[in-house]
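User: Could you take a close look at the inside of this protein for me? I would like to hear about its cysteines, its enclosed and open spaces, and the residues around them.

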Amino acid sequence: MKKKTVSVLLAAAMAAAVLAGCSKSKKEAAEVTVEETQEEESLEGGQVYYLNSRPEADEAWQQIANTYTEQTGVAVTVVTAASGTYEETLSEEITGDKAPTLFQVNGPVGLANWSDYCYDLNGSSLYNELTSDAYTLKDGEAVAGIAYVIESYGIITNTELLGKAGYKVDDIRSFADLKKAAEDITAHKDELGFSAFASAGMDPSSDWRFKTHLANVPIYFEYQTDNINTTTAIKGTYLDNYRNIWDLYINNATCDPGELADKTGDDAETEFANGEAVFYQNGSWEYANLTGKGMTDDQLAMIPIYIGVGDEANQGLCTGTENYWCVNNESSKADIKATIDFLTWMVTSSEGCTMLADTIGVIPFRNAVDSTNLFVLNDRQYTADGKVPVAWNFTTMPSEEWKNGVGSALTAYAAGTEKWDAVVSAFVDGWASEYALK
């Protein structure tokens, strides 16, 4: 019996006692006590199963899960879906005998698919730790999801190699500046011993960087121009600029454009960490991986993704969130309680807060610790300097199918088997057709 039901029955019993002009009998009191005891017992013995969508954070999640289990005795299992397969994996797991008690959605579009499974977190111990209601994802009045981290992405830069090429981070304030530096590095690639960009791999472990994160930039500027925050019919106003930055990536990289279909996320990370490239598009979540491979803060910086649109001198990093925790409302009461308790510990304990802040990004909770993540600090400095962050509008992308269509078109264009028109069609026509299915 849920606590709400117990409260209603208890109130009804008290009202009946008043109307009858007598006090509650010992038998009635005993029955209520039994109900409350059964409720408490039903919430014992819960466990947590988190289906994580972030392969790059898997190691950190496994470690923090072990720490929590050691401290509390509560079993926490973290399973990480392969890159690009999260929706498919969640679809398979959510209806299974051992469904995840905790999953995540990427915003309103993602919530539309999973709202039936989202427990209302309003008033929960996790909700009460938020610094602002703005970090909730609502389904009507219900709090269906809670954002657990604010992240930034841009072009991670090896400042040491950039210096060897004759440039400083301050020299790059626009797309024209970035293009000049990248093409100059390519022209002297053999004598320098490194390339401008790490491989823009289009393997599923890497393609999200371009079909989602890079694609966000022209969407953001279109929304800014049209003064909107979503649309069912993208116009593709800045797709020529999208092409320009994509051309820059693939024609000044560690590999031939035709090889990108098989290049992985690990390939790009390794190339960059090994000093084979100056630039590498990725986010604040990559900091722990790069420093774990031996890179230092003196070698690193994150700069904005410039595409030649807007007030580039005052452009910041791409900053926002698509990471909302959702608790499975079909889990047992014990598992729901155990899951909320675990999440509350994550955002109140020094261990949990430090893991989130240093591994992933800024957390929007009252007990947040200051981050040592250099890329988080870079974003903070851009904001302090008055730079305007590029919002994460990719949460309005219509579907995973749309992203895959854009990714396939980008890959074919890089390989020379399709013209840019195919990318435009996948972007614009695909957007309209996918929204039409909703």
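Analyst: A disulfide is a pair of cysteine sulfur atoms within 2.5 Å. With that cut-off in hand, this predicted model holds zero disulfides. Why does C118 not form one? The closest cysteine sulfur to that of C118 belongs to C326 and sits 3.8 Å away, which is too far for a bond. C118 is buried, with a relative accessible area of 10%. C255 is buried as well, at 11%.

Now to the enclosed space. The structure holds one cavity of 30 Å³ or more, and the volume of the largest cavity is about 60 Å³. Its lining is made up of F197, A198, S199, A200, R209, F210, Y249, F279, Y280 and Q281. Two elements, α9 (208-226) and β8 (277-283), each give two or more residues to this lining. Of the elements, β8 gives the most, with three residues. By character, the lining of the largest cavity divides into seven nonpolar residues, two polar and one charged.

The open space comes next. The largest pocket holds about 970 Å³ of space. It is lined by 45 residues, and those closest to its centre are S53, S83, G84, W208 and E322. The elements that give two or more residues to this pocket's lining are α4 (86-94), β3 (102-105), α5, α9, α11 (265-273), β8 and α16 (400-415). Here α9 gives the most, with five residues. The lining of the largest pocket divides into 13 nonpolar, 18 polar and 14 charged residues. Helix α9 and strand β8 therefore appear in both linings: they each give two or more residues to the cavity and to the pocket, by the way elements are assigned here.

Let us stay with helix α9, where L214 has its place. Is L214 buried or exposed? L214 is buried, because its relative accessible area is 1%. Setting aside neighbours within four places in sequence, L214 is in contact with R209, Y242, I245, W246, Y249, Q281 and I305. Among these, R209, Y249 and Q281 also line the largest cavity. Farther along the chain, V309 is 95 residues from L214, and their C-alpha atoms are separated by 14 Å.

From L214 we can step across to Y153. These two are 61 residues apart in sequence, and 9.6 Å apart from C-alpha to C-alpha. Y153 has its place in strand β6 (residues 151-158) and counts as buried, at 0% relative accessibility. The side chain of Y153 reaches the backbone oxygen of H213 at 2.6 Å. H213 is also one of the residues that Y153 touches, beyond those up to four places away in sequence; the others are N216, N282, G283, W285, M302, I305, L317, C318, W392 and F394. I305 is a contact of Y153 and of L214.

One last stop is E129, in the loop between α5 (108-114) and β4 (136-139). E129 is buried, with a relative accessible area of 11%. Which side chain does the side chain of E129 meet in a polar contact? It is the side chain of N367, at 3.2 Å. Not counting residues up to four places away in sequence, E129 touches V347, T348, P364, F365, R366 and N367.

Conventions:
Residues are numbered from 1 along each chain as its sequence is written. This is a predicted model: local features need pLDDT of at least 70, side-chain atom pairs count only at pLDDT 80 or more; totals for chains, interfaces and linings use all residues. Side-chain values use heavy atoms; hydrogens and water are left out. Helices (H or I, at least four residues) and strands (E, at least two) are DSSP runs, numbered from the N terminus. Buried means under 20% relative accessible area, exposed over 50%, partly exposed in between (1.4 Å probe, protein chains only). A polar contact is a pair of N or O atoms within 3.5 Å; within protein, one must be able to donate a hydrogen and the other to accept it, and residues adjacent in sequence count only if both atoms are side-chain atoms. Contact means heavy atoms within 4.5 Å. On a 1 Å grid over the protein atoms alone, a cavity is a set of points where a 1.4 Å probe fits but cannot get out, and a pocket is an open set with protein on both sides within 12 Å along at least five of seven lines; lining residues have an atom within 4 Å of a point. Grid points are joined across faces, edges and corners, and a volume is the space filled by probe spheres set on the points. Ala, Val, Leu, Ile, Met, Phe, Trp, Tyr, Cys and Pro count as nonpolar, Asp, Glu, Lys and Arg as charged, and the others, Gly among them, as polar.
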